[in-house]
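Here is a protein to explore step by step. Take a moment to look over the sequence and turn the structure around before reading on.

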Amino acid sequence: MASWKQLEVHTEDQTPHKWSVSLSEDMFKRFFSLGCPVVHKIFGDGSLFSPLLFGKYFDPSDAFPLWEFESDVLLSNLRSSGKTNIDWFQTDDAYVLKADLPAGVENNTVQFFVENGKIMEISGQWKPKRDQSKTKDWRSGNWWEHGYVRRLEIPGDADWKDTEAYVNNDMFLEVRIPKSSLVSDTPPAPGKGILAKISDHL
């Protein structure tokens, strides 16, 4: 369809200290309470970029193992109140994420990165920095004051090199990560440490 635009999947990003500043819950509450309407749309209830998307606070700049959880479970409250259209699931041959982009986020600001084949990152700017020098990238400081991000762990059996991401009418994002047709001789560990970390938040 002509309304769908494919996003370039970037794999090289040498930005120093990217996402090194964590967004704490207290900091987010202060930022959100003083934020403009665009901030409320980007970080508010039901948004892909909201720290409260999964029911309890989770910094969106931390990688979340999305496909280890059922969307019906984590989004049950938001869906019952009609506050989100986000969905994720897996088929026999792919992992899929579908999400509305909040109003105020233009598709030409959305960027899609795959980091070391292990983490996918959806990010963009909603407020350009006055100092656009390369040595002071907005992602290296208080990123939420200028942009948004959602980082997600890529499942171990995914073929990340064939990841595809599309935006429809500046409003809807769809990501598809094929599953690998080859089984590794040394499959990744189950990720108990990751799940233990997530359980502290959920």
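The paragraphs below go from the overall layout to the strands, the core and a cavity.

Please keep in mind that this is a predicted model. The protein contains five helices and nine strands. Followed along the sequence, these elements come in the pattern β-β-α-α-α-α-β-β-β-β-β-β-β-α. Of the 202 residues in the protein, 41% are buried. Among contacts with a separation of 6 or more, 64% link residues that are 24 or more positions apart.

Let us begin with a sheet. Four strands form an open sheet in the order 2-5-6-7, and their pairing is mixed. At its edges are strand 2 (9-10) and strand 7 (147-153), each of which pairs on one side only. Strand 6, covering residues 119-125, runs antiparallel to strand 7, and seven bridges join the two. Here you can find glutamate 121 standing opposite arginine 151 of strand 7.

Strand 5 of this sheet holds a residue that is worth a visit, glutamine 111. Is glutamine 111 buried, exposed or partly exposed? Its relative accessible area is 35%, and because buried means under 20% and exposed means over 50%, glutamine 111 counts as partly exposed. Leaving aside residues up to four places away in sequence, glutamine 111 touches His10, Glu121, Ile122 and Ser123. Isoleucine 122 is eleven residues from glutamine 111 along the chain, and the C-alpha atoms of the two are separated by 5.8 Å.

Now turn to strand 9, which has partners of its own. Strand 4 pairs with strand 9 in the antiparallel sense over seven bridges, and valine 96 stands opposite arginine 176 of strand 9. Strand 8 is also antiparallel to strand 9, joined to it by five bridges; there, valine 167 has leucine 173 as its bridge partner. Strand 8 and strand 9 form a hairpin with three residues between the strands, where asparagine 169 takes a positive phi near 55°.

Which way do the side chains of strand 9 point? In a regular strand, side chains alternate between the two faces of the sheet. Strand 9 shows such an alternation: Leu173, Val175 and Ile177 point to one face and are buried, whereas Phe172, Glu174, Arg176 and Pro178 point to the other face and are not buried.

From here we can move to the interior. The largest nonpolar core has 45 residues, and those that touch the most other members are Phe43, Trp88, Leu97, Met120 and Ile122. Several elements give two or more residues to this core, including helix 1 (25-33), helix 2 (37-43), strand 4 (94-100), strand 5 (111-115) and strand 9 (172-178). Methionine 120 is a good place to pause: beyond residues up to four places away in sequence, methionine 120 touches Trp67, Leu97, Phe112, Phe113, Val114, Arg150, Arg151, Leu152, Ile154, Val175 and Ile177.

Last comes the empty space inside. Rolling a probe the size of a water molecule over the atoms shows where empty space is left. How many cavities of 30 Å³ or more are there? The count comes to one, and the largest cavity holds about 30 Å³ of space. Leu48, Leu53, Phe54, Leu66, Ile86, Trp88, Leu97, Arg150 and Leu152 form its lining. Eight of these lining residues are nonpolar, none is polar and one is charged. You have already met Trp88 and Leu97 among the core residues that touch the most other members.

Terms used. Residues numbered from 1 in each chain as written. Predicted model: local features only at pLDDT ≥ 70, side-chain atom pairs only at ≥ 80, totals over all residues. Heavy atoms only, no water. 1 Å grid on protein atoms, 1.4 Å probe; cavity = no way out; pocket = protein on both sides within 12 Å on 5 of 7 lines; lining within 4 Å. Points joined across faces, edges and corners; volume = space filled by probe spheres on them. Nonpolar A, V, L, I, M, F, W, Y, C, P; charged D, E, K, R; others polar. Pairing = 2+ DSSP bridges. Core = buried A, V, L, I, M, F, W, Y, C linked by side-chain atoms within 4.5 Å. Buried < 20%, exposed > 50% of the residue type's maximum accessible area, 1.4 Å probe, protein only. Contact = heavy atoms within 4.5 Å.
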